[in-house]
Amino acid sequence: MKRIQRPSRSRVARRLGLLLLAALLVLAPAFPVDAQGPVRGGTLRIGWIPAAKTLDPHYSVEFSERYVCYLVFNTLVGLDRGFNVVPELARAWQVSPDGKRVTFQLQRGVKFHDGTDFNAEAVKWNIERILNPENKSPQRAPLEPAIAAVTVADPHTVVFELKKPFAPLLAALAERPGFVVSPTAAKQLGQEFGQRPVGTGPFRLVEWVRDSQVTLERFPDYWEKGKPYLDRVVYRVVPDPTVRLTMVRTGEVDIATDVDAKDIPGLRGDAALVVSEMKPAARWTALQWRVDEPPFNNKALRQAIALAIDRNELRDVLLRGFGEPARGPVSPGLWWSDPAFRGIGHDVEAARKKLAEAGHANGFRAKFVVENTPQWIRQTELLQAQLQKINVSLDIEPVSPADAYSRIVQKKTNWTHTRWTQRADPNGLLYILFHSKGHANTTGYNNPKVDELLDQAAAIYDTERRRALYYAAERTITDDVPYVFLNYTAEFAVMNRKVQNWGWVPDLIPRFRDLWLEK
Amino acid sequence: MWVLILRRVAAMAFSILFLTALIFALMQAVFGDPVVIMLGRDADPDTVARLRRDLGLDRAAHVQYADWLGRLAQGDWGRSFRTGQPVLAAIVARLPVSLELAFLALLLAVALALALGIVAAVYPRSPLDAGISVLTAFGTAMPNFWIAILLILLFALHLRVLPSSGSVALLDDPWGHARAMVLPTITLSIAYLSNLTRLVRTKMLEALATDYVRTARAKGLREGRVLWVHALRNSVLPVLSILAVGMSRLFGGAVVTETIFALPGVGILLVDSILGRDFPVVQGIIIVVTVGVFVTNFLIEIAYAIVDPRVRYQ
């Protein structure tokens with residue numbers, strides 16, 4: 001694409017025009033010529049990202065796997081597009097006055113795909129499966145601190161006895177720990193269950209050809225009468241994002257998520273396609289470092305670097321103008337987002353002063369580890385140029401993306417970049433990253449005030465009171481700079497016009513099960 | 001003959017031993033920790049430690065290797081760390097796709113290389129020869145994935161005659177299967193085809209300049225007979241050698257092609273296993289590929305003996 005020097009005014013106008021067009025494209029399906037209800041039948045073909053290893057939700061690690069799990073399984077409770085917890089397999093629940101017992105009433109007449117009954121025993125079996133340390137489920141960590149025991153009151157009532165009041169429990173049960181698998185099938189298939197999953201979901205597995213495709217078909221005995229609308233769903237593995245997008249354009253697939261921002265402007269002319277942008281974006285990028293050892297145990301130094309970064313430039317260059325600068329670890333639009341919070345801005349003069357205060361008036365140099373992909377290398381180059389302005393230099397060390405996270409965990413990596421997606425409960429992310437006991441706390445961040453705020457907030461069920469605590473926590477965390485928050489990124493889905501009822505859930509996992517295809 | 005086979009098998013066994021030990025040592029030295037990759041960012045340290053213990057990854061490297069070797073001797077190839085599938089079953093499930101792709105690419109490459117190479121040799125320094133030279137230079141220099149994307153954009157997006165990616169089982173839909181294999185085959189064969197064409201051309205030119213060809217022409221033989229029976233047969237030997245090398249490379253898994261066209265072959269499995277630090281699968285693939293290389297080399301040796309009456313083995 002040729003780069004023409006334009007004066008800034010038309011650049012603004014062009015960007016506004018793009019935003020307007022994107023908004024129109026997103027809203028267009030909401031105004032159909034003749035408003036129809038759901039249309040039954042058809043096969044939805046999805047351009048799927050690779051790397052799916054298991055379809056057992058209690059062992060699922062890869063994003064791609066959950067695209068399928070949400071169709072084959074149900075969770076105990078669900079999430080709507082506003083990220084609120086709503087009934088699913090549990091049709092109602094009550095919290096005891098002391099907050100240490102949650103009672104769920106379950107839907108009746110629910111069957112697993114293998115014909116066995118879903119009931120309170122099944123729920124108990126599932127939770128115990130996750131909690132059992134011998135099973136080594138990665139989903140144990142969100143549940144173990146909270147759940148003492150699960151008891152069956154009657155076939156359709158299950159009771160969670162908690163070790164302490166724990167408000168985040170419900171949101172956790174809407175995610176991977178909450179998926180309910182068929183105990184009969186899991187016991188029978190053992191390790192093979194991940195290959196041949198059996199749940200209560202609207203679709204059941206027909207076949208899974210690894211690295212090729214997954215085929216699901218409608219489960220006729222699904223408990224939600226009238227759903228699903230589609231007959232079949234086919235996930236076709238397409239590793240290359242450009243090819244994925246091409247296939248939506250040729251009509252070989254109906255929908256693809258995980259689209260690169262750079263490909264979006266090129267779709268402007270295509271009337272057969274709908275582009276859906278997740279607004280506001282619920283994923284943020286950041287820099288992280290170890291704050292419990294030199295050189296970054298120096299708060300003034302951390303603040304200096306945070307002030308020197310021009311997030312708007314990062315957004316414009318890396319995200320093609322989509323997304324927005326990040327203020328803190330909370331994406332906008334969530335019930336615990338503080339609209340008044342500004343975060344650390346961009347101020348080069350203040351940065352220089354902070355650097356001097358930190359004792360590095362003559363400049364500072366440190367190693368920076370980056371994942372060896374074009375996108376992150378690009379970001380690092382931009383950061384390098386920005387930080388040069390305050391005389392901070394980066395010694396760039398590329399590492400394999402596969403090893404990047406484990407190196408951080410093993411403390412082989414100090415200063416690097418990272419990204420995280422929001423969970424349905426504020427505790428889901430803030431605790432694991434910023435509490436001194438959080439299991440994903442790889443910065444060594446330990447602020448007793450933050451610990452106290454997070455512990456308090458997790459024990460209160462009242463959203464209003466929790467919100468105030470999370471506002472305070474966000475401010476303190478951002479000010480302490482264990483992470484330098486960069487941008488809230490944009491996420492896109494591209495589909496052909498026949499696909500109806502699409503909507504993003506802020507955990508950025510596409511929910512395909514309620515879609516239908518126009519004829 | 002049997003002694004020859006026995007010697008080859010012994011060499012193969014030794015190679016497998018050596019290669020697996022070497023790769024294992026390399027992986028231990030260079031790779032990160034598979035357990036964190038397997039359990040993801042949410043797992044607590046206790047779960048990570050347990051899994052590491054269960055998989056035996058907390059033992060010394062040589063202990064792990066010896067254990068793996070011991071189980072292999074009993075026919076147990078182990079299970080994939082990432083998927084839990086038995087290793088041999090996982091690899092065997094992928095082989096047909098890779099073998100078919102390699103075979104078709106080879107067929108196309110050899111057929112076209114012979115045709116173009118001979119034509120270029122018969123009309124040297126003509127516009128046709130120049131054109132073929134340019135094409136082969138292009139084919140050698142351009143990266144695989146770039147050619148693949150171009151082909152997809154042309155045939156799938158603009159002309160809409162072929163699918164962009166994906167595979168269709170042969171038995172389900174033979175015609176669809178054939179269509180799905182066209183672009184991957186072309187992509188995989190291009191670099192190989194280009195090299196082979198140049199080689200055929202050179203060797204043919206050499207053969208056509210020899211005394212015996214001149215004699216044959218002087219005797220009044222038809223040009224066709226001169227070409228096919230005399231010149232080609234003698235220029236084919238070095239081509240066979242290149243063929244052996246090429247087949248081994250193709251057999252190892254055409255990683256880029258398989259990735260772009262989403263063909264579930266051994267190549268993709270190998271890359272995913274390396275990235276996922278899935279030691280058992282990587283070791284398993286090394287064995288399978290080594291066996292394949294040895295077998296194809298052996299077949300080429302037999303072919304040599306058939307084609308060249310001067311070659312005889314003890």
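**Chain B and its helix H12**

Of the 314 residues of chain B, 36% count as buried, where buried stands for 20 or more other C-beta atoms within 10 Å of a residue's own, exposed for 12 or fewer and partly exposed for what lies in between, with C-beta atoms placed from the backbone. I should say early that this is a predicted model, in which local features need pLDDT of at least 70 and side-chain atom pairs count only at pLDDT 80 or more, while totals for chains, interfaces and linings use all residues. Residues are numbered from 1 along each chain as its sequence is written, and chains are lettered from A and ligands numbered from 1 in the order in which they are written.

Chain B has 13 helices and zero strands, these being DSSP runs numbered from the N terminus, with H or I over at least four residues for a helix and E over at least two for a strand. Its C-alpha atoms fill a box of roughly 85 × 60 × 35 Å along the principal axes.

Let me turn to helix H12 of chain B, residues 266–275, which is mostly covered, with seven of its ten residues buried. Among these buried residues are Val266(B), Leu269(B) and Asp272(B), and the cover over the buried residues of H12(B) includes helices H5 (87–122), H11 (255–260) and H13 (279–307) of chain B. Just after H12(B), Arg277(B) takes a positive phi of about 55 degrees.

Finally, contacts, meaning C-beta atoms, placed from the backbone, within 7 Å of each other: among those in chain B between residues at least 6 apart in sequence, 70% join residues at least 24 apart.

Notes
Two residues are in contact if their C-beta atoms, placed from the backbone, lie within 7 Å.
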